[in-house]
Amino acid sequence: MLHRLRGLGLTARGYETGDDVGGTWYWNRYPGARCDVESVQYSYSFDDDLQQEWEWSERYPSQPEILRYARHVADRFDLRRDITFETRVTGAAWDEAARVWRVETDRGDRVACSFLITAVGCLSAARVPGFPGADSFRGESHHTGRWPHEGVELAGKRVAVIGTGSSGIQAIPVIAGQAAHVTVFQRTPNFSLPAWNHPIDPEHARWVKANYAALRHDMRTSAVGLLGVFNDKPVLGTGEEERNLEFEARWAQGGFSFLGAYGDVAIDPAANEIAAEFVRGKIREIVRDPETAELLCPRDHPIGSKRICVDTGYYATYNRPDVTLVDVRRDPIEEITPTGVRTAAGHHEVDVIVYATGYDAMTGPLLALGLTGKGGLSLRDKWRAGPRAYLGLMTAGFPNLFTITGPGSPSVLSNMMVSIEQHVDWIARCLERLRAGGIAVIDADPVAEDAWVAHVNEVASFTLYPRADSWYMGANIPGKPRVFMPYVGGVGAYRDKCDQVAADGYEGFVLSA
Ligand code: NA7
(Lines give C-alpha, C1' and ligand atoms only; values in the text may rest on other atoms or scores of the structure.)
Protein backbone atom coordinates (compact mmCIF):
# COMPACT_ATOMS: atom_id res chain seq x y z
CA MET A 1 0.00 0.00 0.00
CA LEU A 2 2.81 2.35 0.95
CA HIS A 3 4.57 1.63 -2.34
CA ARG A 4 1.39 2.29 -4.31
CA LEU A 5 0.68 5.56 -2.44
CA ARG A 6 4.17 6.78 -3.24
CA GLY A 7 3.52 5.89 -6.86
CA LEU A 8 0.50 8.23 -6.77
CA GLY A 9 2.70 11.04 -5.52
CA LEU A 10 1.01 11.05 -2.12
CA THR A 11 2.77 11.54 1.19
CA ALA A 12 2.21 8.50 3.37
CA ARG A 13 3.43 7.23 6.70
CA GLY A 14 3.05 3.79 8.23
CA TYR A 15 2.80 3.10 11.95
CA GLU A 16 3.86 -0.31 13.25
CA THR A 17 3.92 -1.74 16.75
CA GLY A 18 6.80 -4.13 16.05
CA ASP A 19 10.38 -3.03 15.47
CA ASP A 20 10.34 -4.39 11.94
CA VAL A 21 8.03 -5.32 9.07
CA GLY A 22 6.42 -8.75 8.69
CA GLY A 23 3.17 -8.47 10.64
CA THR A 24 1.88 -11.91 11.57
CA TRP A 25 5.24 -13.40 10.52
CA TYR A 26 7.06 -10.98 12.80
CA TRP A 27 5.02 -12.00 15.87
CA ASN A 28 4.35 -15.71 15.29
CA ARG A 29 7.77 -17.24 16.00
CA TYR A 30 6.58 -20.35 17.80
CA PRO A 31 8.27 -23.64 16.92
CA GLY A 32 6.83 -25.02 13.69
CA ALA A 33 5.22 -21.74 12.53
CA ARG A 34 4.60 -22.10 8.83
CA CYS A 35 2.16 -20.84 6.23
CA ASP A 36 -0.53 -23.28 5.06
CA VAL A 37 -0.60 -21.70 1.59
CA GLU A 38 2.16 -22.77 -0.79
CA SER A 39 5.06 -20.33 -0.99
CA VAL A 40 4.84 -19.63 -4.73
CA GLN A 41 1.21 -18.58 -4.15
CA TYR A 42 1.75 -16.84 -0.80
CA SER A 43 3.83 -14.06 -2.30
CA TYR A 44 3.39 -10.65 -3.93
CA SER A 45 2.49 -10.43 -7.57
CA PHE A 46 2.74 -6.64 -8.03
CA ASP A 47 6.33 -6.63 -9.25
CA ASP A 48 7.45 -9.17 -11.81
CA ASP A 49 11.18 -8.72 -11.08
CA LEU A 50 10.47 -9.51 -7.44
CA GLN A 51 8.59 -12.71 -8.19
CA GLN A 52 11.16 -13.78 -10.78
CA GLU A 53 14.17 -13.17 -8.54
CA TRP A 54 12.99 -14.44 -5.15
CA GLU A 55 13.71 -18.15 -4.53
CA TRP A 56 11.47 -20.05 -2.12
CA SER A 57 13.09 -23.08 -0.57
CA GLU A 58 10.08 -25.19 0.50
CA ARG A 59 6.59 -26.03 -0.70
CA TYR A 60 5.12 -24.41 2.44
CA PRO A 61 7.22 -21.48 3.67
CA SER A 62 8.39 -21.39 7.28
CA GLN A 63 7.95 -18.28 9.41
CA PRO A 64 11.68 -17.32 9.23
CA GLU A 65 11.62 -17.55 5.44
CA ILE A 66 8.47 -15.39 5.09
CA LEU A 67 9.95 -12.84 7.48
CA ARG A 68 13.13 -12.74 5.35
CA TYR A 69 10.90 -12.17 2.32
CA ALA A 70 9.00 -9.32 4.01
CA ARG A 71 12.31 -7.69 4.96
CA HIS A 72 13.62 -8.13 1.46
CA VAL A 73 10.53 -6.43 0.03
CA ALA A 74 10.86 -3.56 2.53
CA ASP A 75 14.52 -3.07 1.52
CA ARG A 76 13.93 -3.51 -2.17
CA PHE A 77 11.27 -0.79 -2.27
CA ASP A 78 12.97 1.33 0.40
CA LEU A 79 9.83 1.28 2.55
CA ARG A 80 11.31 1.65 6.02
CA ARG A 81 12.01 5.38 5.69
CA ASP A 82 8.25 6.01 5.74
CA ILE A 83 7.40 3.65 8.58
CA THR A 84 7.51 4.60 12.25
CA PHE A 85 8.29 1.41 14.16
CA GLU A 86 7.70 0.51 17.82
CA THR A 87 4.70 2.81 17.80
CA ARG A 88 1.10 1.85 18.45
CA VAL A 89 -1.86 3.86 17.22
CA THR A 90 -4.02 4.51 20.27
CA GLY A 91 -6.82 6.55 18.73
CA ALA A 92 -8.02 8.22 15.56
CA ALA A 93 -10.94 10.62 15.16
CA TRP A 94 -12.56 12.08 12.07
CA ASP A 95 -12.52 15.87 12.21
CA GLU A 96 -15.58 16.80 10.20
CA ALA A 97 -14.78 20.53 9.96
CA ALA A 98 -11.21 20.06 8.76
CA ARG A 99 -12.03 16.86 6.87
CA VAL A 100 -9.01 15.02 8.22
CA TRP A 101 -8.35 12.09 10.47
CA ARG A 102 -6.51 13.01 13.67
CA VAL A 103 -4.36 10.08 14.72
CA GLU A 104 -2.64 9.60 18.07
CA THR A 105 0.06 7.13 19.05
CA ASP A 106 1.52 5.81 22.28
CA ARG A 107 4.68 7.81 21.51
CA GLY A 108 2.75 11.06 21.62
CA ASP A 109 2.52 11.60 17.86
CA ARG A 110 -0.40 13.78 16.78
CA VAL A 111 -0.90 13.38 13.05
CA ALA A 112 -3.50 14.73 10.65
CA CYS A 113 -4.18 12.90 7.39
CA SER A 114 -6.73 13.09 4.61
CA PHE A 115 -7.04 9.33 4.34
CA LEU A 116 -6.51 6.62 6.92
CA ILE A 117 -5.87 3.05 5.78
CA THR A 118 -5.84 0.15 8.22
CA ALA A 119 -3.59 -2.83 7.56
CA VAL A 120 -3.83 -4.35 11.02
CA GLY A 121 -4.43 -7.96 9.97
CA CYS A 122 -7.28 -10.24 10.93
CA LEU A 123 -5.49 -12.45 13.46
CA SER A 124 -3.31 -10.03 15.38
CA ALA A 125 -5.21 -9.39 18.62
CA ALA A 126 -3.87 -12.36 20.59
CA ARG A 127 -6.16 -13.83 23.22
CA VAL A 128 -5.09 -15.57 26.41
CA PRO A 129 -8.03 -16.91 28.40
CA GLY A 130 -8.08 -15.57 31.93
CA PHE A 131 -7.40 -18.77 33.84
CA PRO A 132 -7.42 -18.22 37.60
CA GLY A 133 -3.89 -18.14 38.97
CA ALA A 134 -2.24 -17.55 35.58
CA ASP A 135 -0.02 -14.80 37.02
CA SER A 136 1.24 -17.07 39.77
CA PHE A 137 2.95 -19.45 37.33
CA ARG A 138 6.69 -19.49 38.06
CA GLY A 139 7.83 -20.91 34.72
CA GLU A 140 7.70 -19.21 31.33
CA SER A 141 4.36 -18.82 29.59
CA HIS A 142 3.87 -17.47 26.08
CA HIS A 143 1.07 -17.01 23.57
CA THR A 144 2.08 -18.43 20.17
CA GLY A 145 1.45 -15.05 18.55
CA ARG A 146 3.69 -13.21 21.02
CA TRP A 147 6.61 -15.64 21.01
CA PRO A 148 9.86 -14.13 22.35
CA HIS A 149 12.26 -13.15 19.59
CA GLU A 150 15.18 -14.68 21.42
CA GLY A 151 13.35 -18.04 21.43
CA VAL A 152 12.35 -20.24 24.36
CA GLU A 153 14.55 -23.03 25.71
CA LEU A 154 12.40 -26.16 25.60
CA ALA A 155 15.03 -28.91 25.72
CA GLY A 156 14.48 -31.13 28.72
CA LYS A 157 11.44 -29.11 29.83
CA ARG A 158 7.92 -30.25 30.67
CA VAL A 159 5.64 -28.22 28.41
CA ALA A 160 1.88 -27.62 28.49
CA VAL A 161 0.21 -26.61 25.23
CA ILE A 162 -3.29 -25.20 25.61
CA GLY A 163 -5.24 -25.09 22.33
CA THR A 164 -5.35 -27.25 19.23
CA GLY A 165 -6.10 -24.84 16.38
CA SER A 166 -3.67 -24.25 13.50
CA SER A 167 -1.00 -22.84 15.82
CA GLY A 168 -1.16 -25.67 18.38
CA ILE A 169 -1.27 -28.30 15.65
CA GLN A 170 1.87 -26.86 14.03
CA ALA A 171 3.73 -26.35 17.28
CA ILE A 172 2.97 -29.61 19.13
CA PRO A 173 5.04 -32.01 16.94
CA VAL A 174 8.05 -29.66 16.95
CA ILE A 175 7.85 -28.99 20.69
CA ALA A 176 7.53 -32.74 21.30
CA GLY A 177 10.82 -33.19 19.44
CA GLN A 178 12.58 -30.84 21.88
CA ALA A 179 10.87 -31.11 25.25
CA ALA A 180 11.08 -33.83 27.89
CA HIS A 181 7.31 -34.11 28.02
CA VAL A 182 4.36 -32.38 26.37
CA THR A 183 0.85 -32.25 27.82
CA VAL A 184 -1.73 -31.06 25.32
CA PHE A 185 -4.92 -29.53 26.68
CA GLN A 186 -7.55 -29.96 24.00
CA ARG A 187 -11.03 -28.45 24.16
CA THR A 188 -12.17 -29.10 20.61
CA PRO A 189 -10.43 -31.50 18.23
CA ASN A 190 -9.82 -30.03 14.79
CA PHE A 191 -9.60 -31.55 11.35
CA SER A 192 -6.04 -31.46 10.07
CA LEU A 193 -4.68 -32.40 6.66
CA PRO A 194 -1.09 -33.45 5.94
CA ALA A 195 1.20 -30.81 4.39
CA TRP A 196 3.68 -33.28 2.91
CA ASN A 197 6.06 -30.36 2.94
CA HIS A 198 9.27 -30.74 0.92
CA PRO A 199 12.02 -28.68 -0.69
CA ILE A 200 10.84 -27.01 -3.88
CA ASP A 201 11.87 -28.86 -6.99
CA PRO A 202 13.94 -26.35 -9.06
CA GLU A 203 12.22 -27.57 -12.22
CA HIS A 204 8.80 -26.77 -10.70
CA ALA A 205 10.03 -23.34 -9.56
CA ARG A 206 11.20 -22.57 -13.11
CA TRP A 207 7.85 -23.67 -14.50
CA VAL A 208 5.95 -21.47 -12.04
CA LYS A 209 8.08 -18.44 -12.91
CA ALA A 210 7.65 -18.99 -16.62
CA ASN A 211 3.87 -19.14 -16.13
CA TYR A 212 3.41 -16.67 -13.30
CA ALA A 213 1.20 -14.26 -15.26
CA ALA A 214 -1.37 -16.93 -16.05
CA LEU A 215 -1.15 -18.54 -12.60
CA ARG A 216 -1.68 -15.22 -10.82
CA HIS A 217 -4.69 -14.55 -13.03
CA ASP A 218 -6.15 -17.94 -12.11
CA MET A 219 -5.64 -17.22 -8.42
CA ARG A 220 -7.30 -13.78 -8.64
CA THR A 221 -10.37 -15.17 -10.37
CA SER A 222 -10.66 -18.32 -8.25
CA ALA A 223 -12.91 -19.09 -5.27
CA VAL A 224 -10.32 -18.71 -2.51
CA GLY A 225 -7.27 -17.23 -4.21
CA LEU A 226 -5.55 -20.58 -4.57
CA LEU A 227 -4.55 -22.74 -7.48
CA GLY A 228 -5.96 -26.21 -7.47
CA VAL A 229 -8.73 -28.31 -8.78
CA PHE A 230 -12.08 -27.66 -7.19
CA ASN A 231 -14.60 -30.26 -8.28
CA ASP A 232 -18.24 -29.27 -8.75
CA LYS A 233 -19.28 -32.90 -8.70
CA PRO A 234 -21.29 -33.95 -5.60
CA VAL A 235 -20.02 -36.73 -3.34
CA LEU A 236 -23.61 -37.77 -2.64
CA GLY A 237 -24.42 -40.23 -5.37
CA THR A 238 -20.75 -41.05 -6.01
CA GLY A 239 -19.89 -44.71 -5.33
CA GLU A 240 -17.85 -45.53 -2.24
CA GLU A 241 -14.92 -46.94 -4.19
CA GLU A 242 -14.70 -43.94 -6.50
CA ARG A 243 -14.96 -41.38 -3.73
CA ASN A 244 -12.37 -43.14 -1.60
CA LEU A 245 -9.95 -43.10 -4.53
CA GLU A 246 -10.57 -39.37 -4.94
CA PHE A 247 -10.17 -38.65 -1.21
CA GLU A 248 -6.99 -40.77 -1.07
CA ALA A 249 -5.55 -38.89 -4.05
CA ARG A 250 -6.35 -35.54 -2.41
CA TRP A 251 -4.93 -36.69 0.94
CA ALA A 252 -1.73 -37.72 -0.86
CA GLN A 253 -1.55 -34.30 -2.57
CA GLY A 254 -1.68 -32.63 0.85
CA GLY A 255 -2.98 -29.31 2.11
CA PHE A 256 -6.29 -27.69 1.24
CA SER A 257 -6.81 -29.69 -1.96
CA PHE A 258 -8.74 -32.28 0.07
CA LEU A 259 -11.56 -29.78 0.59
CA GLY A 260 -11.91 -29.33 -3.17
CA ALA A 261 -12.67 -33.00 -3.77
CA TYR A 262 -16.44 -32.56 -4.07
CA GLY A 263 -18.70 -29.54 -4.54
CA ASP A 264 -21.33 -30.41 -1.92
CA VAL A 265 -18.99 -30.94 1.05
CA ALA A 266 -19.12 -27.26 2.03
CA ILE A 267 -22.90 -26.98 1.81
CA ASP A 268 -24.58 -30.34 2.49
CA PRO A 269 -24.31 -31.91 5.97
CA ALA A 270 -24.61 -35.48 4.64
CA ALA A 271 -21.89 -34.87 2.03
CA ASN A 272 -19.74 -33.19 4.63
CA GLU A 273 -20.06 -36.15 6.97
CA ILE A 274 -18.65 -38.47 4.29
CA ALA A 275 -15.52 -36.32 3.94
CA ALA A 276 -15.28 -35.89 7.71
CA GLU A 277 -15.51 -39.63 8.30
CA PHE A 278 -12.70 -40.24 5.79
CA VAL A 279 -10.42 -37.97 7.85
CA ARG A 280 -11.53 -39.64 11.11
CA GLY A 281 -10.57 -42.94 9.51
CA LYS A 282 -7.08 -41.54 8.83
CA ILE A 283 -6.77 -40.41 12.46
CA ARG A 284 -7.71 -43.93 13.64
CA GLU A 285 -5.14 -45.41 11.26
CA ILE A 286 -2.33 -43.11 12.46
CA VAL A 287 -2.95 -42.99 16.23
CA ARG A 288 -2.23 -46.35 17.84
CA ASP A 289 -4.14 -45.90 21.10
CA PRO A 290 -7.85 -46.17 20.17
CA GLU A 291 -9.02 -44.00 23.05
CA THR A 292 -6.62 -41.18 22.12
CA ALA A 293 -7.62 -41.54 18.47
CA GLU A 294 -11.31 -41.10 19.35
CA LEU A 295 -10.49 -38.03 21.45
CA LEU A 296 -8.72 -36.53 18.43
CA CYS A 297 -11.68 -37.17 16.09
CA PRO A 298 -13.69 -33.97 15.57
CA ARG A 299 -17.45 -34.45 15.80
CA ASP A 300 -18.90 -31.14 16.87
CA HIS A 301 -18.45 -29.22 13.60
CA PRO A 302 -18.54 -29.96 9.87
CA ILE A 303 -15.14 -30.36 8.21
CA GLY A 304 -14.05 -27.01 6.75
CA SER A 305 -16.49 -24.97 8.87
CA LYS A 306 -13.65 -24.11 11.24
CA ARG A 307 -10.36 -23.13 9.66
CA ILE A 308 -8.89 -26.42 8.44
CA CYS A 309 -5.40 -27.14 9.77
CA VAL A 310 -2.43 -28.32 7.74
CA ASP A 311 0.15 -30.27 9.70
CA THR A 312 3.42 -32.14 9.67
CA GLY A 313 3.17 -35.27 11.78
CA TYR A 314 0.50 -33.94 14.14
CA TYR A 315 -1.57 -37.06 14.79
CA ALA A 316 1.49 -39.36 14.88
CA THR A 317 2.89 -37.20 17.70
CA TYR A 318 0.36 -38.85 20.02
CA ASN A 319 2.13 -42.18 19.50
CA ARG A 320 5.11 -40.79 21.42
CA PRO A 321 5.40 -41.97 25.03
CA ASP A 322 6.29 -38.43 26.13
CA VAL A 323 3.08 -36.79 24.83
CA THR A 324 -0.16 -36.78 26.83
CA LEU A 325 -3.57 -35.59 25.64
CA VAL A 326 -5.98 -34.08 28.18
CA ASP A 327 -9.58 -33.56 27.11
CA VAL A 328 -10.58 -30.37 28.90
CA ARG A 329 -14.23 -30.80 28.07
CA ARG A 330 -14.30 -33.85 30.33
CA ASP A 331 -11.55 -32.65 32.62
CA PRO A 332 -11.64 -28.82 32.63
CA ILE A 333 -8.74 -26.55 33.52
CA GLU A 334 -9.55 -25.13 36.96
CA GLU A 335 -6.51 -23.00 37.57
CA ILE A 336 -2.90 -22.33 36.77
CA THR A 337 -0.69 -22.92 39.81
CA PRO A 338 2.89 -21.73 40.41
CA THR A 339 4.09 -25.08 39.07
CA GLY A 340 1.57 -26.20 36.51
CA VAL A 341 -2.00 -26.66 35.36
CA ARG A 342 -4.70 -28.01 37.66
CA THR A 343 -7.64 -29.74 36.04
CA ALA A 344 -10.64 -31.29 37.74
CA ALA A 345 -8.90 -34.68 37.71
CA GLY A 346 -5.45 -33.67 38.93
CA HIS A 347 -2.36 -31.48 38.69
CA HIS A 348 0.07 -31.41 35.73
CA GLU A 349 3.52 -30.15 36.74
CA VAL A 350 5.10 -28.18 33.89
CA ASP A 351 7.97 -25.76 33.31
CA VAL A 352 6.54 -23.90 30.31
CA ILE A 353 2.97 -23.07 29.26
CA VAL A 354 2.25 -22.40 25.60
CA TYR A 355 -1.03 -20.59 25.00
CA ALA A 356 -2.11 -21.55 21.47
CA THR A 357 -5.48 -20.04 22.30
CA GLY A 358 -6.14 -17.90 19.26
CA TYR A 359 -7.27 -14.36 18.50
CA ASP A 360 -10.06 -11.86 18.73
CA ALA A 361 -10.35 -12.26 14.98
CA MET A 362 -11.08 -9.61 12.35
CA THR A 363 -12.81 -6.98 14.51
CA GLY A 364 -10.37 -7.17 17.47
CA PRO A 365 -7.46 -5.34 15.79
CA LEU A 366 -9.75 -2.71 14.24
CA LEU A 367 -11.59 -1.94 17.46
CA ALA A 368 -8.25 -1.68 19.26
CA LEU A 369 -7.41 1.36 17.10
CA GLY A 370 -9.94 3.46 19.01
CA LEU A 371 -11.63 4.89 15.92
CA THR A 372 -14.24 7.63 16.16
CA GLY A 373 -16.24 8.65 13.11
CA LYS A 374 -18.80 11.32 12.25
CA GLY A 375 -20.73 12.81 15.13
CA GLY A 376 -18.35 11.24 17.67
CA LEU A 377 -19.64 7.71 17.00
CA SER A 378 -17.06 5.12 18.00
CA LEU A 379 -16.51 2.06 15.86
CA ARG A 380 -17.00 -0.03 18.99
CA ASP A 381 -20.51 1.37 19.37
CA LYS A 382 -21.32 1.09 15.70
CA TRP A 383 -20.22 -2.58 15.64
CA ARG A 384 -21.76 -3.56 18.97
CA ALA A 385 -24.02 -6.13 17.28
CA GLY A 386 -21.30 -7.22 14.84
CA PRO A 387 -19.21 -5.60 12.11
CA ARG A 388 -20.95 -3.59 9.40
CA ALA A 389 -18.96 -2.54 6.36
CA TYR A 390 -19.63 -1.94 2.69
CA LEU A 391 -17.61 -4.47 0.66
CA GLY A 392 -15.41 -4.86 3.73
CA LEU A 393 -13.60 -1.76 2.47
CA MET A 394 -15.32 1.12 4.26
CA THR A 395 -17.81 1.50 7.10
CA ALA A 396 -20.49 4.19 6.86
CA GLY A 397 -19.95 7.21 9.08
CA PHE A 398 -16.17 6.80 9.00
CA PRO A 399 -15.26 8.86 5.91
CA ASN A 400 -11.92 8.39 4.16
CA LEU A 401 -11.16 5.29 6.24
CA PHE A 402 -10.25 2.18 4.25
CA THR A 403 -9.91 -1.23 5.88
CA ILE A 404 -7.61 -3.66 4.06
CA THR A 405 -9.14 -7.17 4.39
CA GLY A 406 -11.89 -5.80 6.61
CA PRO A 407 -14.94 -7.83 7.74
CA GLY A 408 -17.31 -8.46 4.84
CA SER A 409 -14.47 -9.16 2.40
CA PRO A 410 -13.04 -12.64 1.60
CA SER A 411 -9.90 -12.00 3.73
CA VAL A 412 -9.38 -14.99 6.04
CA LEU A 413 -11.36 -17.29 3.74
CA SER A 414 -8.80 -16.76 1.02
CA ASN A 415 -5.12 -16.63 0.26
CA MET A 416 -4.45 -13.40 2.17
CA MET A 417 -1.79 -12.23 -0.29
CA VAL A 418 -4.32 -12.23 -3.13
CA SER A 419 -6.96 -10.43 -1.06
CA ILE A 420 -4.49 -7.89 0.31
CA GLU A 421 -3.25 -7.01 -3.18
CA GLN A 422 -6.82 -6.71 -4.47
CA HIS A 423 -7.74 -4.24 -1.72
CA VAL A 424 -4.51 -2.29 -2.17
CA ASP A 425 -5.13 -1.97 -5.91
CA TRP A 426 -8.76 -0.97 -5.42
CA ILE A 427 -7.96 1.65 -2.77
CA ALA A 428 -5.06 3.08 -4.80
CA ARG A 429 -7.24 3.42 -7.90
CA CYS A 430 -10.02 4.96 -5.83
CA LEU A 431 -7.68 7.60 -4.36
CA GLU A 432 -6.36 8.36 -7.82
CA ARG A 433 -9.86 8.89 -9.21
CA LEU A 434 -11.02 10.94 -6.23
CA ARG A 435 -8.12 13.29 -6.77
CA ALA A 436 -8.74 13.49 -10.50
CA GLY A 437 -12.43 14.26 -9.85
CA GLY A 438 -11.81 16.87 -7.16
CA ILE A 439 -13.47 14.68 -4.53
CA ALA A 440 -12.27 15.29 -0.97
CA VAL A 441 -14.44 12.88 0.98
CA ILE A 442 -15.73 9.38 0.33
CA ASP A 443 -18.01 7.48 2.70
CA ALA A 444 -20.07 4.32 2.43
CA ASP A 445 -23.81 4.84 1.93
CA PRO A 446 -25.61 3.20 4.89
CA VAL A 447 -28.24 1.72 2.56
CA ALA A 448 -25.59 0.04 0.38
CA GLU A 449 -23.82 -1.10 3.52
CA ASP A 450 -26.99 -2.71 4.91
CA ALA A 451 -27.54 -4.50 1.61
CA TRP A 452 -23.95 -5.78 1.54
CA VAL A 453 -24.09 -7.00 5.14
CA ALA A 454 -27.35 -8.82 4.35
CA HIS A 455 -25.72 -10.36 1.27
CA VAL A 456 -22.66 -11.50 3.26
CA ASN A 457 -24.98 -13.21 5.76
CA GLU A 458 -27.18 -14.71 3.11
CA VAL A 459 -24.27 -16.28 1.21
CA ALA A 460 -22.86 -17.68 4.47
CA SER A 461 -26.26 -19.16 5.30
CA PHE A 462 -26.04 -21.37 2.20
CA THR A 463 -22.90 -22.99 3.66
CA LEU A 464 -22.12 -25.02 6.75
CA TYR A 465 -19.85 -22.28 8.20
CA PRO A 466 -22.44 -20.84 10.61
CA ARG A 467 -22.80 -24.28 12.25
CA ALA A 468 -19.39 -24.12 13.92
CA ASP A 469 -18.35 -22.24 17.07
CA SER A 470 -15.46 -20.73 15.15
CA TRP A 471 -13.53 -17.49 15.28
CA TYR A 472 -15.10 -16.72 11.87
CA MET A 473 -18.34 -16.46 13.89
CA GLY A 474 -16.75 -14.61 16.81
CA ALA A 475 -17.67 -17.64 18.92
CA ASN A 476 -14.26 -17.98 20.59
CA ILE A 477 -14.57 -14.66 22.44
CA PRO A 478 -17.04 -14.60 25.33
CA GLY A 479 -19.71 -11.96 24.72
CA LYS A 480 -18.72 -11.29 21.09
CA PRO A 481 -21.73 -11.10 18.74
CA ARG A 482 -22.24 -14.28 16.78
CA VAL A 483 -21.94 -13.03 13.20
CA PHE A 484 -20.18 -14.68 10.27
CA MET A 485 -17.54 -12.06 9.45
CA PRO A 486 -15.74 -12.90 6.18
CA TYR A 487 -17.37 -12.96 2.73
CA VAL A 488 -17.72 -16.48 1.40
CA GLY A 489 -19.01 -15.60 -2.09
CA GLY A 490 -15.61 -16.14 -3.69
CA VAL A 491 -12.49 -14.11 -4.39
CA GLY A 492 -13.15 -13.81 -8.13
CA ALA A 493 -16.82 -12.84 -7.79
CA TYR A 494 -15.95 -10.36 -5.05
CA ARG A 495 -13.25 -8.76 -7.21
CA ASP A 496 -15.75 -8.38 -10.07
CA LYS A 497 -18.24 -6.74 -7.72
CA CYS A 498 -15.65 -4.26 -6.40
CA ASP A 499 -14.49 -3.43 -9.94
CA GLN A 500 -18.08 -2.95 -11.09
CA VAL A 501 -18.81 -0.59 -8.19
CA ALA A 502 -15.76 1.50 -9.14
CA ALA A 503 -16.64 1.46 -12.85
CA ASP A 504 -20.14 2.70 -11.99
CA GLY A 505 -18.72 5.80 -10.33
CA TYR A 506 -18.40 4.26 -6.86
CA GLU A 507 -21.96 3.09 -6.57
CA GLY A 508 -23.00 2.76 -2.93
CA PHE A 509 -20.48 5.37 -1.83
CA VAL A 510 -21.21 9.03 -1.12
CA LEU A 511 -18.66 11.38 -2.68
CA SER A 512 -18.29 15.06 -1.75
CA ALA A 513 -16.23 17.73 -3.43
P1 NA7 B 1 -7.52 -20.91 16.92
O2 NA7 B 1 -7.73 -21.60 15.65
O3 NA7 B 1 -8.57 -19.95 17.38
O4 NA7 B 1 -7.29 -22.03 18.03
C5 NA7 B 1 -7.32 -21.72 19.40
C6 NA7 B 1 -7.38 -22.99 20.19
O7 NA7 B 1 -7.34 -22.68 21.57
C8 NA7 B 1 -8.65 -23.80 19.95
O9 NA7 B 1 -8.34 -25.16 19.96
C10 NA7 B 1 -9.49 -23.42 21.17
O11 NA7 B 1 -10.46 -24.35 21.50
C12 NA7 B 1 -8.42 -23.33 22.22
N13 NA7 B 1 -8.84 -22.55 23.37
C14 NA7 B 1 -9.21 -21.25 23.40
N15 NA7 B 1 -9.58 -20.90 24.64
C16 NA7 B 1 -9.44 -22.01 25.40
C17 NA7 B 1 -9.68 -22.30 26.77
N18 NA7 B 1 -10.14 -21.34 27.59
N19 NA7 B 1 -9.42 -23.53 27.21
C20 NA7 B 1 -8.97 -24.49 26.38
N21 NA7 B 1 -8.74 -24.29 25.07
C22 NA7 B 1 -8.97 -23.06 24.60
O23 NA7 B 1 -6.14 -20.09 16.93
P24 NA7 B 1 -4.77 -20.48 16.22
O25 NA7 B 1 -3.76 -19.52 16.69
O26 NA7 B 1 -4.49 -21.91 16.35
O27 NA7 B 1 -5.05 -20.24 14.70
C28 NA7 B 1 -5.49 -18.97 14.25
C29 NA7 B 1 -5.40 -18.88 12.77
O30 NA7 B 1 -4.07 -18.53 12.40
C31 NA7 B 1 -5.63 -20.12 12.00
O32 NA7 B 1 -6.93 -20.44 11.82
C33 NA7 B 1 -4.94 -19.82 10.68
O34 NA7 B 1 -5.76 -19.03 9.87
C35 NA7 B 1 -3.78 -19.04 11.09
P36 NA7 B 1 -11.98 -24.23 20.90
O37 NA7 B 1 -11.89 -24.68 19.47
O38 NA7 B 1 -12.36 -22.78 21.00
O39 NA7 B 1 -12.80 -25.11 21.76
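N400 is buried in this predicted model, for 20 other C-beta atoms lie within 10 Å. Although N400 is not a glycine, its phi is positive, at about 60°. The briefing below continues with the loops on either side of strand 18, then turns to two helices, the domains, the ligand and two exposed residues.

**Loops around strand 18**

- N400 belongs to the loop that runs between helix 12 (379-382) and strand 18 (401-403).
- T405 is placed in the loop between strand 18 and helix 13.
- T405 is likewise not a glycine and has a positive phi, of about 55°.
- Is T405 buried or exposed? T405 is buried, because 24 other C-beta atoms lie within 10 Å and a residue counts as buried from 20 upwards.

**Helix 15**

- Helix 15 comprises residues 491-503, which makes 13 residues.
- From its first C-alpha to its last, helix 15 reaches 18 Å, close to the 18 Å expected at 1.5 Å a residue.
- The residues V491, Y494, R495, C498 and V501 of helix 15 are buried.
- These buried residues lie on the same side of helix 15, because they cover an arc of only 125° around the axis.
- Exposed residues, namely D496, Q500 and A503, are carried by the face of helix 15 that is turned away from the buried side.
- Which elements do the buried residues of helix 15 pack against? Their partners are helix 7 (212-220) and helix 13 (416-436).
- G505, which comes just after helix 15, takes a positive phi of about 75°.

**Helix 14**

- Helix 14 consists of the 16 residues 446-461, and these should span 22 Å at 1.5 Å a residue.
- The end C-alpha atoms of helix 14 are 22 Å apart, so the span in the model agrees with the expected one.
- E449, W452, V456 and A460 are the buried residues of helix 14.
- Seen down the axis of helix 14, these residues fall within an arc of 70°, and therefore they line one face of the helix.
- On the face of helix 14 turned away from the buried side, the exposed residues are V447, A454, E458 and S461.
- Strand 19 (441-444) is the element against which the buried residues of helix 14 pack.

**Domains and their contact**

- The protein is divided into domain 1, made of 2-21 + 79-125 + 373-512, and domain 2, made of 134-355.
- The C-alpha centres of domain 1 and domain 2 are separated by 30 Å.
- Domain 1 brings 16 residues to the contact, and domain 2 brings 17 residues.
- On the side of domain 1 that touches domain 2, the elements giving two or more residues are helix 13 and helix 15.
- Helix 15 provides the largest share of that side of domain 1, with three residues.
- By class, the side of domain 1 that touches domain 2 holds seven nonpolar, seven polar and two charged residues.

**Surroundings of the ligand**

- The ligand is surrounded by 22 residues, of which the closest are G163, G165, S167, R307 and G358.
- Which helix gives the most to the shell around the ligand? Helix 5 (residues 166-176) does, with three residues.
- The residues of this shell divide into nine nonpolar, eleven polar and two charged.
- Domain 1 and domain 2 each supply at least three residues to the shell around the ligand.

**Two exposed residues**

- A270 has its place in helix 9, which covers residues 269-286.
- A270 is exposed, because 9 other C-beta atoms lie within 10 Å and a residue with 12 or fewer counts as exposed.
- A270 and P302 are 32 residues apart in sequence, and their C-alpha atoms are 9.7 Å apart in space.
- H198 is found in the loop between strand 10 (192-194) and helix 6 (202-210).
- H198 is exposed as well, with 10 other C-beta atoms within 10 Å.
- Which residues does H198 touch, not counting residues up to four places away in sequence? H198 touches E58 and R59.
- H198 and Y487 are 289 residues apart in sequence and 32 Å apart in space, C-alpha to C-alpha.

Definitions and conventions: Residues numbered from 1 in each chain as written. Predicted model: local features only at pLDDT ≥ 70, side-chain atom pairs only at ≥ 80, totals over all residues. Near = placed C-beta within 6 Å. Helix = DSSP H or I, 4+ residues; strand = E, 2+ residues; numbered from the N terminus. Nonpolar A, V, L, I, M, F, W, Y, C, P; charged D, E, K, R; others polar. Domains from an automatic or database assignment. Expected span 1.5 Å × (residues − 1). Arc of directions from axis to C-beta. Contact = placed C-beta atoms within 7 Å.
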